[in-house]
Amino acid sequence: MWSPPEGEQILARDRISFASGAARPVKGMRWFRDPYGRDIQAELPGWPAGPVFEHQDKPDRSARAVGGGFFKTAAAATMGVIAAAGGAVAGSLAGQSTITSQPQDPATEVDDFPVLCGPVGSIAATLPWQLDPGRWHHAQPAAKEPVVHCHSVITDRRFLITEIPDGDLNRERVLWEIDKSHISAAGQCPYSEYVQDFKVIFSDGSWARFATPKDDSASGHQSIALTGQLLPEGAVPSAVRKSLAEYLTAQNKYAPEPWTGEANFFALPGGVYAVVALGPGPVSAADGRECNTTIMDELGESVVHGEATFPLT
């Protein structure tokens with residue numbers, strides 16, 4: 001199993017893939033586009049052939065390519081959401097059973113569903129094809145599950161994508177990595193099944209939309225780990241540390257294995273704190289590392305549903 005060198009710390013590890021459309025016209029579909037909405041999957045270096053999806057309503061993308069192109073339109077819409085939220089986006093870190101949000105950007109969530117957007121050669125366009133579930137199934141139609149799981153591994157320095165052939169962690173290898181300084185923003189995408197999706201915007205303006213096989217707790221702590229301000233424990237209010245200790249004690253009453261208290265603290269906008277506690281169990285190829293995230297104010301009180309925020313810039 002991959003592990004970082006001494007001095008580098010893992011903040012989150014989850015199974016990951018490119019997302020799939022949730023709206024009826026794009027249900028289960030995904031596209032890989034350049035700044036003007038052109039499909040570039042055939043031009044991505046080293047990518048095998050994949051499925052070709054056809055939008056059920058056949059939208060006219062040329063309208064969105066006018067005046068700066070699809071890439072700028074989609075990026076502006078995304079950054080508009082960020083600006084409207086004052087550099088943050090609201091989101092619950094508790095599980096949801098269905099889609100409860102309206103599309104934030106209908107152009108990229110209903111009219112179309114790009115999961116990679118940027119010119120060939122951009123940062124997003126260097127992501128590995130193994131993140132595409134449809135490409136695995138297209139290559140091996142008889143397989144019920146991909147023969148390789150991909151994990152997102154986020155450290156205090158890097159964002160990495162690894163592959164785990166046949167679920168064997170002993171064979172895990174790094175497919176792709178980038179220094180976190182090249183990540184401009186990250187945040188959950190509320191308009192997705194169980195809020196599993198999250199988007200990452202890179203420093204060159206290209207972006208990608210990912211999904212985890214869990215509920216929104218995974219997409220939440222992935223986003224926090226990518227862009228949150230990691231704090232040393234000594235910089236965290238004592239009330240927050242006390243609440244965490246009480247929480248872990250309560251967890252251990254029911255957990256089959258005791259939680260070790262391995263946790264990371266992040267400063268979020270609005271004077272609140274995210275506490276991402278790593279679970280006691282081993283890493284699973286199917287799921288990653290168990291993780292529990294809670295949001296607290298400086299008094300150690302939990303922030304209720306709808307008030308949790310985490311940075312996107």
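**Strand pairing and salt bridges in the predicted model**

In the predicted model, Tyr-273 has Met-296 of strand 15 as its bridge partner. Tyr-273 belongs to strand 14, which spans residues 272–278. Strand 14 runs antiparallel to strand 15, and 6 bridges join the two. A further pair across this border is formed by Val-275 and Thr-294, the latter in strand 15. On the side of strand 13, the pairing with strand 14 is also antiparallel and spans 6 bridges. Here Phe-266 is matched with Ala-274 of strand 14. The hairpin of strand 13 and strand 14 leaves 3 residues between the strands. Within this hairpin, Gly-270 adopts a positive phi near 85°.

These strands belong to an open sheet of 4 strands. The order is 12-13-14-15, with antiparallel pairing. Strand 12 (229–231) and strand 15 (291–296) form the edges, each pairing on one side only. Neighbouring strands are turned against each other by 30° on average, direction ignored. Strands of a sheet pair through backbone hydrogen bonds, in a parallel or an antiparallel manner.

Strand 14 is mostly covered, with 7 of its 7 residues buried. In a regular strand, side chains alternate between the two faces of the sheet. Both faces of strand 14 are covered. Val-272, Ala-274, Val-276 and Leu-278 are buried on one side. Tyr-273, Val-275 and Ala-277 are buried on the other. Helix 5 (residues 238–252) lies across strand 13 (263–268), strand 14 and strand 15. The helix runs at about 140° to strand 15.

The chain as a whole contains 5 helices and 16 strands. Of its 313 residues, 54% are buried. The exposed area of the chain is about 13500 Å², of which carbon and sulfur atoms supply 52%. Among contacts between residues at least 6 apart in sequence, 65% join residues at least 24 apart.

Charged side chains add further links. The structure holds 13 salt bridges. One of them joins the side chains of Glu-8 and Arg-158, at 2.8 Å from N to O. This pair links distant parts of the chain, 150 residues apart. Glu-8 sits in the segment before strand 1 (10–15), whereas Arg-158 is in strand 7 (residues 158–165). Both Glu-8 and Arg-158 are buried.

Arg-158 has another salt-bridge partner, Glu-177, with the closest N and O atoms 2.8 Å apart. Glu-177 lies in strand 8 (residues 173–179) and Arg-158 in strand 7, so this salt bridge ties together parts 19 residues apart in sequence. Glu-8, Arg-158 and Glu-177 are thus linked in a network of salt bridges. Burial varies within the network. Arg-158 counts as buried because its relative accessibility is 17%, below the 20% cut-off. Glu-177 is partly exposed, because its relative accessible area is 41%, between the 20% and 50% cut-offs.

Arg-171 and Asp-166 form a further salt bridge, their closest N and O atoms being 3.1 Å apart. Arg-171 is partly exposed, with a relative accessibility of 42%. Asp-166 has a relative accessible area of 57% and so is exposed, the cut-off being over 50%.

Strand 7 also contains Glu-163. Glu-163 has a relative accessible area of 7%, so this residue counts as buried. The side chain of Glu-163 makes a polar contact with that of Arg-173, at 2.5 Å. Residues up to four places away in sequence aside, Glu-163 touches Gln-130, Val-148, His-149, Cys-150, Arg-171, Glu-172, Arg-173 and Leu-175. Arg-171, which forms the salt bridge with Asp-166, is therefore also one of the residues in contact with Glu-163.

Note on methods: Residues are numbered from 1 along each chain as its sequence is written. This is a predicted model: local features need pLDDT of at least 70, side-chain atom pairs count only at pLDDT 80 or more; totals for chains, interfaces and linings use all residues. Side-chain values use heavy atoms; hydrogens and water are left out. A salt bridge is a side-chain nitrogen of Lys or Arg within 4 Å of a carboxyl oxygen of Asp or Glu. Buried means under 20% relative accessible area, exposed over 50%, partly exposed in between (1.4 Å probe, protein chains only). Two strands pair if DSSP finds at least two bridges between them. Axes are lines fitted to C-alpha atoms, for helices over the stretch in contact, and angles run from 0 to 180 degrees between N-to-C directions. Contact means heavy atoms within 4.5 Å. Accessible areas come from the Shrake-Rupley method with a 1.4 Å probe; for residues, only the protein chains shown count as cover. A polar contact is a pair of N or O atoms within 3.5 Å; within protein, one must be able to donate a hydrogen and the other to accept it, and residues adjacent in sequence count only if both atoms are side-chain atoms.
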